[in-house]
Amino acid sequence: MAKRKILSSRAPNQEMTFNPALTEGKKNSGDRTTQVVISAGLLKIFGVGALIIGDSGIGKSESSLELIARGHKFVSDDVVEVFRDENDRLCGRSPRLTRNFMEIRGLGIINIKEIFGRRAILDSAPIDLVIRLKKWSKKMEIDRLGIKFPEDYPILGTRIPQIHIPVAPGRNIATLIEVACRVFILRQKGYQAAQDIMRRLDKKLAKK
């Protein structure tokens, strides 16, 4: 799958950032970029289009495979074509060459459609949330309360909400991605657990 290597030409341990050098863009007659190719995976989880990014070898494909086994929908592995639909909404799809395929270390190339069936596959999905997998380190600054999301992730002039998930031995990344999508859905509805517990704490302190 040589095309993947061309698009993901960063060093194995180099943190991936949104970089024009890793993308291929198409422009319309108004000189506006309407399509770009990103090194990432894309799934639809609880109705949320989740773009999964992170360092090479961090476990994006393995986590995606576990999510598909749990019934979530697969769009693309490793490379995502991002475009705007007729409603100007940001969406993603797999390149035609690699559609339905996934690369898993130790297993090689597998066909998701043949293994899990047509219902496990989506041709495209809106991009609602970016989930960045980051190798955990003691020096990493983490918002333990989850009061706010990290800085939004820019794609084609649109800023997409982003959640960082530290990856370390013993952490179930697929479950954390599911919960991240649930957290995103609740935040869209106006609920934040951190604010909820702070309000409870304030009420308790006020009674003293």
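Here are a few worked exercises on the predicted model shown above.

**Exercise 1. Get an overview of the chain: how many helices and strands does it have, and what share of its residues is buried?**

Step 1: Start with the elements. You should find 5 helices and 14 strands.

Step 2: Now look at burial. Of the 208 residues in the chain, 41% are buried.

Step 3: Check how far apart contacting residues sit along the sequence. Among contacts with a separation of 6 or more, 68% are between residues 24 or more positions apart.

Step 4: Finish with the outside. The accessible surface is about 12,300 Å², and carbon and sulfur atoms own 51% of that.

**Exercise 2. Work out whether helix α2 is largely enclosed or not by the rest of the structure.**

Step 1: Find the helix, which runs over residues 60–69.

Step 2: Pick out its buried residues. They are K60, S61, S63, S64, L65, L67 and I68.

Step 3: Draw the conclusion. With 7 of its 10 residues buried, α2 is largely enclosed by the rest of the structure.

Step 4: Peek just past the end of the helix. There, G71 has a positive phi of about 105°.

**Exercise 3. Follow two salt bridges: which residues pair up with R93 and R89?**

Step 1: Recall the idea. Side chains of opposite charge can pair when their charged atoms come close.

Step 2: Take R93. Its salt-bridge partner is E81, with the closest N and O atoms 3.0 Å apart. This pair ties strand β7 (R93) to strand β6 (E81), and the two residues are 12 apart in the chain.

Step 3: Compare that pair with the burial cut-offs: under 20% is buried, and partly exposed lies between that and 50%. E81 has a relative accessible area of 14%, so it is buried. R93, at 24%, is partly exposed.

Step 4: Now do R89. It bridges to D128, and here the closest N and O atoms are 2.7 Å apart. R89 sits in the loop between β6 and β7, while D128 is in the loop between β10 and β11, 39 residues away.

Step 5: Use the cut-offs again. D128 is buried at 16%, and R89 is partly exposed at 41%.

**Exercise 4. Find the patch of positive charge on the surface: which residues gather there?**

Step 1: Name the members, which are R199, K203, K204 and K207.

Step 2: Place one of them. R199 belongs to helix α5, residues 193–206.

Step 3: Check its exposure. R199 has 44% relative accessibility, so it counts as partly exposed.

Terms used: Residues are numbered from 1 along each chain as its sequence is written. This is a predicted model: local features need pLDDT of at least 70, side-chain atom pairs count only at pLDDT 80 or more; totals for chains, interfaces and linings use all residues. Side-chain values use heavy atoms; hydrogens and water are left out. Helices (H or I, at least four residues) and strands (E, at least two) are DSSP runs, numbered from the N terminus. Buried means under 20% relative accessible area, exposed over 50%, partly exposed in between (1.4 Å probe, protein chains only). Contact means heavy atoms within 4.5 Å. Accessible areas come from the Shrake-Rupley method with a 1.4 Å probe; for residues, only the protein chains shown count as cover. Patches are made of residues with over 30% relative accessible area and no salt bridge: like charges are joined within 9 Å, nonpolar side chains (Val, Leu, Ile, Met, Phe, Trp, Tyr) within 5 Å. A salt bridge is a side-chain nitrogen of Lys or Arg within 4 Å of a carboxyl oxygen of Asp or Glu. Lys and Arg count as positive and Asp and Glu as negative; His and the chain ends are not counted. The place of a charge is taken as NZ of Lys, CZ of Arg, CG of Asp or CD of Glu.
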